[in-house]
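Good morning, colleagues. Please take a moment to look at the sequence and the structure on the screen before I begin.

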Amino acid sequence: MIYTLTANPAIDYNVSCDHLDANTVTRTRDAVYSPNGKGLNVSFTLDHYNVPTTILGFFAGFSGRFIVEGARERGVEVKPIWTEGITRVNVFLNAGEGVEYNMVNAGAAITPADEDAMVGLISSLADLDCLVISGSLPPNTSNGFLRRVLETVRARGSRFVLDISSTQLIDLLELEPLLIKPNDDELRDIFGLDVRPGDDSSAVAALAELHRRGAQNVLLTLGGAGAYFSNGEHVWFAHNTHKVKVLSTVCAGDSSLAAFLSIWGFEPDRVEDALKRSMATGANVVECPGLGDFAHVDEYQGYIDVRLVK
């Protein structure tokens with residue numbers, strides 16, 4: 001079973017308008033409220049590809065209940081730790097061609113008792129094969145929380161995947177995660193490593209440094225410019241040769257990670273197949289916002305080019 005941990009889940013409120021002006025009433029359309037959070041998105045995508053998965057997270061108030069109930073309605077089980085406060089609501093506004101506003105809130109604070117409850121829950125999971133930790137941490141999270149979680153997973157002989165933008169990733173690499181999925185911005189902000197699209201040498205050097213620090217495998221995403229994958233021995237590059245219409249980038253990275261894991265996590269020799277599914281799924285989400293429509297993934301896979309870099 002692949003479990004996902006979203007420590008700071010959210011309701012994503014996606015809405016569109018023709019343009020946005022200050023100090024005036026803006027009429028919006030196409031409002032969609034979705035149970036979300038990076039780990040939830042990973043689980044939803046894994047479930048689409050028939051991979052058994054369960055969601056873990058901290059949830060609070062009416063918005064927390066909406067997320068838990070919404071995930072279960074989609075057929076994905078949730079094991080919540082209930083906390084005080086109100087789970088956050090994030091707003092994503094598409095204001096016309098190529099104009100997107102992302103308003104992300106801090107989230108409900110957690111306590112040391114909440115952290116203990118989550119660690120206890122993880123230690124009790126008899127069917128834990130892999131834990132995917134994605135996204136930000138809620139206010140008041142202790143500095144050692146993620147390390148406690150990962151050490152608990154390791155003590156059980158299970159694997160873990162990290163997709164976090166925190167500088168804590170630097171120290172957590174020494175615990176040798178099975179896979180990390182930074183994007184190019186996170187690579188630069190966290191590690192000071194710069195990868196330029198189309199420059200294989202910069203990517204190979206950066207990936208080698210991440211392996212040196214402890215990462216067993218790395219999926220480096222570059223947005224619309226493609227993605228690199230390295231297993232420490234070989235490096236592959238994948239990119240989309242078909243231009244897609246960007247309606248929203250929300251969930252694209254999460255769905256790409258999950259789609260990759262749905263193949264590579266079970267058959268690590270199928271790197272090219274995993275990259276094609278990963279890139280096609282991410283492109284589909286960009287063109288069809290949200291995770292409810294995977295209709296074009298098979299079509300898009302034919303537009304994904306994968307080559308061996310080294």
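Let me start with a term: helices, of at least four residues, and strands, of at least two, are DSSP runs, numbered from the N terminus. With that in place, Asn-140 belongs to the loop between strand E8 (130-134) and H4. I should also say at the outset that this is a predicted model.

Asn-140 deserves a moment for its backbone. Its phi is positive, at about 75 degrees, although the residue is not a glycine. Asn-140 counts as exposed, at 61% relative accessibility. A second residue of this kind is Glu-176, a non-glycine with a positive phi of about 60 degrees. Glu-176 sits in the loop between helix H5 (168-172) and strand E10 (179-180), and at 46% relative accessibility it counts as partly exposed.

On the other side of H4, the loop leading to strand E9 (159-163) holds Gly-157. This glycine is exposed, with a relative accessible area of 65%. Its C-alpha atom is separated by 9.5 Å from that of Cys-130, a residue 27 positions away along the chain.

I turn now to the interior. Which residues have the most contacts inside the largest nonpolar core? They are Leu-56, Met-118, Leu-131, Ile-133 and Tyr-228, in a core of 44 residues. Helix H4 (residues 145-155) supplies the largest share of this core, namely five residues. Apart from this core lies another, of 27 residues, including Val-42, Leu-46, Ala-258 and Phe-260.

Helix H4 also carries a salt bridge. The side chains of Arg-147 and Glu-151 meet there, with an N to O distance of 3.8 Å. Because the two residues are four apart in helix H4, about one helical turn separates Arg-147 from Glu-151. Both partners are partly exposed: Arg-147 has a relative accessible area of 24%, and Glu-151 has one of 40%.

Across the whole structure, the search finds 17 salt bridges. Among them is the pair of Arg-307 and Asp-200, whose closest N and O atoms are 2.8 Å apart. This pair links distant parts of the chain, with Arg-307 in strand E14 (residues 304-308) and Asp-200 in helix H7 (residues 200-213), 107 residues apart. Arg-307 counts as partly exposed, at 33% relative accessibility.

Helix H7 contains a further bridge, between Arg-212 and Glu-209, with the closest N and O atoms 2.7 Å apart. Here the partners are three residues apart within the helix, about one turn. Are these two residues buried or exposed? Arg-212 is exposed, with a relative accessible area of 60%, whereas Glu-209 counts as buried because its 18% relative accessibility falls under the cut-off of 20%. Elsewhere, salt bridges with shared partners join Asp-18, Arg-29 and Asp-30 into one network.

The aromatic residues come next. A pair of aromatic rings is described by the distance of the centres and the angle of the planes. The count for this model comes to eight aromatic pairs. In one of them, the ring centres of Phe-59 and Trp-82 are 6.2 Å apart and the planes are at 55 degrees, so the pair is tilted. Phe-59 lies in strand E4 (residues 53-59) and Trp-82 in strand E5, 23 residues apart, and the pair thus links distant parts of the chain. Phe-59 counts as buried, at 1% relative accessibility, while Trp-82 is partly exposed, with a relative accessible area of 44%.

Ring pairs also link Phe-229, Trp-236, Phe-260 and Trp-264 into a cluster. Phe-260 is therefore a residue to look at twice, given that the core of 27 residues includes Phe-260 as well.

Two arginines lie over ring faces. Arg-74 is over the face of Phe-44, at 4.2 Å from the ring centre. Arg-277 lies over the face of Tyr-49, with a distance of 4.2 Å from the ring centre.

My last residue is Thr-87, in the loop between strand E5 (77-82) and strand E6 (88-94). Thr-87 is buried, with a relative accessible area of 5%. A polar atom of its side chain lies 2.8 Å from the backbone nitrogen of Ala-60. Neighbours within four places in sequence aside, Thr-87 is in contact with several residues, including Pro-9, Phe-58, Phe-59, Ser-63, Ile-67 and Ala-108.

Thank you for your attention.

Methods: Residues are numbered from 1 along each chain as its sequence is written. This is a predicted model: local features need pLDDT of at least 70, side-chain atom pairs count only at pLDDT 80 or more; totals for chains, interfaces and linings use all residues. Side-chain values use heavy atoms; hydrogens and water are left out. A nonpolar core is a set of buried Ala, Val, Leu, Ile, Met, Phe, Trp, Tyr and Cys residues joined through side-chain atoms within 4.5 Å. Buried means under 20% relative accessible area, exposed over 50%, partly exposed in between (1.4 Å probe, protein chains only). A polar contact is a pair of N or O atoms within 3.5 Å; within protein, one must be able to donate a hydrogen and the other to accept it, and residues adjacent in sequence count only if both atoms are side-chain atoms. Contact means heavy atoms within 4.5 Å. Rings of Phe, Tyr and Trp (its six-membered ring) pair if their centres lie within 6.5 Å; planes under 30 degrees apart count as stacked, over 60 as edge-to-face and the rest as tilted. A charge sits over a ring if NZ of Lys or CZ of Arg is within 6 Å of the ring centre and within 35 degrees of the ring normal. A salt bridge is a side-chain nitrogen of Lys or Arg within 4 Å of a carboxyl oxygen of Asp or Glu.
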